[in-house]
Amino acid sequence: MKICCPNCNWSPEDKKLWTCFCGHEFDPFLNISKCPVCHYTHELTECLNAECGKITPHLNWYSGLGKKVDRLIYEVRTVKR
Ligand SMILES: [Zn+2]
Ligand SMILES: [Zn+2]
């Protein structure tokens, strides 16, 4: 499964570049953008490409949404709060 920005197609190489509200740096593509520390699920993901910077729905970053992702989303949603 390819992960890239839906706007500019930028693909993160080092994915631990996003910072949660709680200050934890994490890879949002590991667990559908759920912070492993505070368990907040970030539904939007900001593109870190300096030329883009668009904030788009996290799920749009996965090209080729398959059944596996649908299942993960279900799991994340049911665990949330
Ligand atoms: Zn982008
Ligand atoms: Zn957090």
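Here is a quick walk through this protein chain, from its overall layout down to two of its residues. Keep in mind that what you're looking at is a predicted model.

Start with the secondary structure. The chain carries six strands and one helix. Trace it from the N terminus and you meet the elements in the order β-β-β-β-β-β-α, with the helix coming after the strands.

Now for how the chain packs. It has 81 residues, and 11% of them are buried. As for contacts, take those with a sequence separation of 6 or more: 45% of them join residues that sit 24 or more positions apart.

Let's zoom in on Thr19, which belongs to strand β2, the stretch covering residues 18-19. Is Thr19 buried or exposed? Count C-beta neighbours inside 10 Å and you get 11. Since a residue with 12 or fewer is called exposed, Thr19 counts as exposed because of that count of 11. Its C-alpha atom lies 9.1 Å from that of Cys35, a residue 16 positions away along the chain.

Further along is Asn31. You'll find Asn31 in a loop, the one that links β3 (25-26) to β4 (44-46). Here the neighbour count is 16 C-beta atoms inside 10 Å, so Asn31 is classed as partly exposed. That class takes in whatever falls between the exposed limit of 12 or fewer and the buried limit of 20 or more. For a sense of where Asn31 sits, look across to Thr41: ten residues separate the two in sequence, and their C-alpha atoms are 9.0 Å apart in space.

Technical notes. Residues numbered from 1 in each chain as written. Chains lettered and ligands numbered in written order. Predicted model: local features only at pLDDT ≥ 70, side-chain atom pairs only at ≥ 80, totals over all residues. Helix = DSSP H or I, 4+ residues; strand = E, 2+ residues; numbered from the N terminus. Contact = placed C-beta atoms within 7 Å.
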